[in-house]
Amino acid sequence: MPTDAGGTLGEHAARQVLRLCEAAGLDGADSAAYARTMLSALGPVAERSLDLPAPDDSFLSDDHTPVEFSLSFTPDQRPTLRVLLEPGCGAADLAENGRTGLRVVRGMARRWGFDTRRLDELEDLFFPPDPQGPLALWCALELVPGGVPRVKVYLNPAASGKERSADTVREALRRLGHHQAFASLPTGDRHLFFALDLGDWAEPRVKIYLAHHDLSAAEAAGLSRVDGGPGAAEITSFFRTAAGHDTDAPGRDPRLDRRPVQSCHAFTETVTGRPSGFTLYIPVRDYARHDGEALDRAVAVLGRHGMDATPLRRSVAAVTSRRLRDGVGLIAYVGLAHQEGRLPRVTAYLSSEAYEVRPPATAAVPSRRAEAVH
């Protein structure tokens, strides 16, 4: 059990959100509003005692907490705090999980005055009567000043079966006007998520996430399809630093053969079919002995991109009071994002650890292929 656990899931997550908001520079009114928003989105599971096991095998985190946090950094700016939620966690089945998620998102739309037409157009694709796969709908809240978050949804391409994932993604892109986008995607092992920006976004994105097993840094450098996007040297350097390979001998290019690397391809315009954004995510928790190592790597990545790591250190302390070397998984992913016309972003993902702390590796983690992808 986490060292600062107690009470209910909602109380645990609310404490973390309030501390994280402070670390990210949000004021008290916004922090309180966002804690209430998170509790409302979680619904009845927020009242569930932490003395009980997780309400279901949520795919959102390793210990099945239906909450994950992230901080997105750009040079010379405060980081942006995000909360990823599974509103339907604890539902009787995946179909009910999806219906609950849709109901929560549509309630947010009424409350904050945005439309869900793009999501509505895809309902039959991602919410069939008998859905398959590890998730139905996740909702991400970007906690900006003012108390009204920017909203994103994540959907499951394998809802009608893994074998139909590519067809589902292709059809969803077509319905949203991105007729040529599917052909622009690089080769991947699986289509993981189909994501949509909803509400107040300057350039609403459609995003496709792919899994890449046994990937090397050199191969990762070839995944971007953004015109004028990140160079091979930048991607290779990020990959090697986040994976702990930056001290390897020159010419050695080991593969990440446990939990797969993820890539994300964002589309904002429908004319060229080319993505306007690319992100690479390294699952640092599967390639570090403990969270102290993972934090050091995230700090190194931030430093190489001219970003202050102080808010990340504060955020780690806001999420847990345990020693970092006593577990691995608190820092789940480190991501490097490029969007046309914008400075690069570095994002660190933090686990809530409401139910379990994953023990550290006592030595080098044995090579294995993991089926989990988030």
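**Exercise 1. Helix α10**

How many of the 14 residues of α10 are buried? Work out what covers them, and look at what comes just after the helix.

*Solution.* A word before we start: this is a predicted model.

Step 1. Begin with the extent of the helix. α10 covers residues 291-304, and its 14 residues reach 20 Å from the first C-alpha to the last, close to the 20 Å expected at 1.5 Å a residue.

Step 2. Now count. In α10, 10 of the 14 residues are buried, and the helix is mostly covered. Charged residues are on the list too: Asp291, Glu293 and Arg297 are among the buried ones, along with Gly292, Ala294, Leu295, Ala298, Val299, Val301 and Leu302.

Step 3. Look for the cover. The elements over these buried residues include the helices α9 (232-243) and α11, together with the strands β1, β11 (331-339) and β12.

Step 4. Step past the end of the helix. Gly306, just after α10, has a positive phi of about 70 degrees.

**Exercise 2. Helix α1 and the residue before it**

Find the elements that the buried residues of α1 pack against, then decide whether Thr8 is buried or exposed.

*Solution.*

Step 1. Helix α1 runs over residues 9-23; it has 15 residues and a reach of 21 Å between its first and last C-alpha, close to the 21 Å expected at 1.5 Å a residue.

Step 2. Its buried residues include Leu9, His12, Gln16, Val17, Leu20 and Cys21. They pack against two helices, α2 (28-42) and α11 (310-319), and against the strands β1 (67-73), β2 (80-85), β3 (137-143) and β12 (345-351).

Step 3. Thr8 sits in the segment before α1. Its relative accessibility is 14%, so Thr8 counts as buried, the cut-off being under 20%.

Step 4. Beyond its neighbours within four places in sequence, Thr8 touches Ala46, Glu47, Arg48, Ser49 and Leu50.

Step 5. At the other end, Gly25 follows α1 and has a positive phi near 90 degrees.

**Exercise 3. Positive phi without glycine**

Compare the surroundings of Asp76 and Asp214, and sort each one by accessibility.

*Solution.*

Step 1. Asp76 is not a glycine, yet its phi is positive, about 65 degrees. Asp214 also has a positive phi without being a glycine, at about 55 degrees.

Step 2. Place them. Asp76 belongs to the loop between β1 and β2, and Asp214 to the loop between β6 (206-212) and β7 (215-216).

Step 3. Sort them. With a relative accessible area of 80%, Asp76 is exposed. Asp214, at 22%, counts as partly exposed.

**Exercise 4. A glycine inside a helix**

Which residues does Gly101 contact, leaving aside its neighbours within four places in sequence?

*Solution.*

Step 1. Gly101 is part of helix α3 (residues 94-112), and its 0% relative accessibility makes it buried.

Step 2. The contacts are Pro87 and Leu137.

**Exercise 5. The whole chain**

Check whether the overall dimensions agree with a compact globule.

*Solution.*

Step 1. For 374 residues, a compact globule would have a radius of gyration near 21 Å; the protein has 19 Å, which agrees. Its C-alpha trace spans about 55 × 50 × 40 Å along the principal axes.

Step 2. Of the 374 residues, 59% count as buried. Among contacts with a separation of 6 or more, 70% are between residues 24 or more positions apart.

Step 3. Finish with the inventory: the protein contains 11 helices and 12 strands.

Technical notes. Residues are numbered from 1 along each chain as its sequence is written. This is a predicted model: local features need pLDDT of at least 70, side-chain atom pairs count only at pLDDT 80 or more; totals for chains, interfaces and linings use all residues. Side-chain values use heavy atoms; hydrogens and water are left out. Helices (H or I, at least four residues) and strands (E, at least two) are DSSP runs, numbered from the N terminus. Buried means under 20% relative accessible area, exposed over 50%, partly exposed in between (1.4 Å probe, protein chains only). Contact means heavy atoms within 4.5 Å. The expected span of a helix is 1.5 Å times one less than its number of residues. The radius of gyration is taken over C-alpha atoms; the globule rule is 2.2 Å times the number of residues to the power 0.38.
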